[in-house]
Amino acid sequence: MNSPSLPSEPFDLERMLASPQSASLGLQFVTAGPAKVALRLPWREELVVDPDTGVIAGGAVTTLLDHVCGLSVGMAQGGASSSTLDLRIDYMRAAAPRADVIGEAHCYRITHNIAFVRGQAYDADPSDPIATAQGVFVLVAGSAA
Amino acid sequence: MSEANTRLQAFLERAPYVRYLGMRAELAGDEMTAILPFADHLVGNPTIPAVHGGVLGAFMEMTALAQLSVIQQWKRAPKTIDLTVEYMRPARAQATFARAEVRRVGRRVANVHVVAWQDARAAPVAALRCHFLLAPEEA
């Protein structure tokens, strides 16, 4: 039986991806699984922090990680909306010049109100990350599918 | 223009990503305020609408770096080691402001705290704590 408070359409990752900022960054879907998502941030000149090196700005990587962490919460909870409460990022190294960056996140624990997420960003090799992230998200009440 | 302001404006003009955000900064004495005008491409949640949380984090990180550029000339640009963003309120479709407080500048590491607000500084939308790896000019 359908409850009127639950949307009948399945969790739509495409729709969740489509924020003006993610479109502006050109974020591309890579893969998704239960409580997991990966996205690609394509390199472009406009997103560079130092024109001499051509390295993508840490801020763009921060946005990639925030976004992919939020999507992993949606994957863990049937499309639930969430807002970031706290996001911690460690920057191990700069991305390679002119390199795309992949961001991946896993929502490893979810409670009635709060979701806990780990993520990382890398350019070539997932075992050699640019940055790791730890995020805590607040679920928006009544938004789960 | 003071030397500090010259360094600040040079920092802001150098980074294409700062222009992408549309961020600018003003210096009054040694007190810097960074300004992020609202723009459609910065929106994360179109239903509120609210500025993307990642953009707020990026804006505050650039504010911290801008404040470090005000303090002194660096041999190499300070590198972000880690950062923590705390989100307190949605940043709505209006300008966001930020100020950075440099808590400590050591030989190798700086600790900087940033607060961002919209209508009132006492009602912050987000805050940032971060560490930077330094390369002082004299090193």
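Which residue stands opposite A:D86 in β5(B)? In this predicted model, the partner turns out to be B:E86. The two residues face each other where the chains meet: strand β5 (residues 82–91) of chain A and strand β5 (residues 79–87) of chain B run antiparallel and are joined by 5 bridges.

That junction sits within an open sheet of 12 strands with antiparallel pairing. Reading across, the order is β1(A)-β2(A)-β6(A)-β7(A)-β8(A)-β5(A)-β5(B)-β8(B)-β7(B)-β6(B)-β2(B)-β1(B). At the edges stand β1 (28–33) of chain A and β1 (24–28) of chain B; each has a single partner strand, so one side of each is left without a neighbour in the sheet. The sheet also has a twist to it, with neighbouring strands turned by 20° against each other on average, direction ignored. As for what holds such strands together, strands of a sheet pair through backbone hydrogen bonds.

Then there are the helices. Helix α3(A) lies across β1, β2 (36–41), β5, β6 (101–110), β7 (114–122) and β8 (131–139) of chain A, together with β5 of chain B. Its direction is about 40° to β6(A). Counting 1.5 Å a residue, the 19 residues of this helix (residues 58–76) should span 27 Å, and the end C-alpha atoms are indeed 27 Å apart. Why is α3(A) described as largely enclosed by the rest of the structure? Because 19 of the 19 residues of α3(A) are buried. Just after α3(A), A:G78 takes a positive phi of about 50°.

Definitions and conventions. Residues numbered from 1 in each chain as written. Chains lettered and ligands numbered in written order. Predicted model: local features only at pLDDT ≥ 70, side-chain atom pairs only at ≥ 80, totals over all residues. Helix = DSSP H or I, 4+ residues; strand = E, 2+ residues; numbered from the N terminus. Expected span 1.5 Å × (residues − 1). Buried ≥ 20, exposed ≤ 12 C-beta atoms within 10 Å, placed from the backbone. Pairing = 2+ DSSP bridges. Axes fitted to C-alpha atoms, helices over the stretch in contact; angles between N-to-C directions. Contact = placed C-beta atoms within 7 Å.
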